[in-house]
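Ready for a few exercises with the model open beside you? Try each task before you read its solution.

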Amino acid sequence: MAIDHINTQRKILADAAISLSILEEALSNTENRLRDYINAGGINNISRSEYEILTQKRITLTSGQQHQFDYSFFKMNLLDKTAIAMGVYLKETTSQYLDKLNKAFR
């Protein structure tokens, strides 16, 4: 039962990591589109400093620096995804996950 709960937790957190990477990519693409408006003048003008602040804030938020937590920890590799999807218990990867989780919360 504990293994099922750990695997469920890993699935949920891996899905969240995927969603976060999608958000990170979308924000990065938006920043690239904003480059055309840097010091362009007029109503759609954005200054270089405003652009840099937006970029820095996106990086600190999506990398976990803002919350002092490394979100990349929750990304799951193909072996883990396959094992969890098939309901197979992999002792080594689960213990590695728990060790990393323990380090993350210290």
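A salt bridge here is a side-chain nitrogen of Lys or Arg within 4 Å of a carboxyl oxygen of Asp or Glu. By that rule the structure holds three salt bridges. Keep in mind that this is a predicted model.

**Exercise 1. Get your bearings**

Task: work out which secondary structure elements the chain has and in what order they come.

Solution. Step one is to count: there are four helices and zero strands. Step two is to read along the sequence, which gives the pattern α-α-α-α. Step three is a quick look at burial and contacts. Of the 106 residues in the chain, 23% are buried. Take the contacts between residues at least 6 apart in sequence, and 52% of them join residues at least 24 apart. As for the outside, the accessible surface comes to about 7,800 Å², with 57% of it belonging to carbon and sulfur atoms.

**Exercise 2. Find the inner face of α2**

Task: list the buried residues of α2 and say where they sit around the helix axis.

Solution. Start with the helix itself: α2 has 16 residues and reaches 22 Å from its first C-alpha to its last, close to the 22 Å expected at 1.5 Å a residue. Next, pick out its buried residues, which are Tyr51, Thr55, Arg58 and Thr62. Looking down the axis of α2, you'll find these buried residues within an arc of 65°, so they line one face of the helix. The spacing rule behind this is that an α-helix has 3.6 residues a turn, so residues three or four places apart point the same way. Last, ask what that face meets: the buried residues of α2 pack against α1.

**Exercise 3. Follow Arg58**

Task: find the salt-bridge partners of Arg58 and say which helices get tied together.

Solution. First, place the residue: Arg58 is in helix α2. Then check its cover. Its relative accessible area is 13%, and the cut-off for buried is under 20%, so Arg58 counts as buried. Now list what it touches, leaving out residues up to four places away in sequence: Glu24, Leu27, Ser28 and Glu31.

Take the Glu24 pair. The side chains of Arg58 and Glu24 meet in a salt bridge at 4.0 Å, N to O. Arg58 lies in helix α2 and Glu24 in helix α1, so this pair ties together parts that are 34 residues apart in sequence. Glu24 is partly exposed, at 29% relative accessible area.

Now the Glu31 pair. Here the side chains of Glu31 and Arg58 meet at 2.9 Å, N to O, again in a salt bridge. Glu31 lies in helix α1 and Arg58 in helix α2, so the parts joined are 27 residues apart in sequence. Glu31 is buried, with a relative accessible area of 7%. Put the pieces together and Glu24, Glu31 and Arg58 are linked in a network of salt bridges.

**Exercise 4. A bridge within a helix**

Task: find the partner of Arg48 and say how they are spaced along the helix.

Solution. Arg48 forms a salt bridge with Glu52, with the closest N and O atoms 3.6 Å apart. The two are four residues apart in helix α2, so about one helical turn separates them. Both are partly exposed: Arg48 has a relative accessible area of 44%, and Glu52 has 31%.

**Exercise 5. Hunt for positive phi**

Task: say where Asn39 and Gly64 sit and what phi each takes.

Solution. Asn39 is in the loop between α1 (2-34) and α2 (48-63). Its phi is near 55°, a positive value in a residue other than glycine. At 54% relative accessibility, Asn39 counts as exposed. Gly64 comes just after α2 and takes a positive phi of about 100°.

Conventions. Residues numbered from 1 in each chain as written. Predicted model: local features only at pLDDT ≥ 70, side-chain atom pairs only at ≥ 80, totals over all residues. Heavy atoms only, no water. Buried < 20%, exposed > 50% of the residue type's maximum accessible area, 1.4 Å probe, protein only. Contact = heavy atoms within 4.5 Å. Areas by Shrake-Rupley, 256 points an atom, 1.4 Å probe, with all protein chains shown as cover. Expected span 1.5 Å × (residues − 1). Arc of directions from axis to C-beta.
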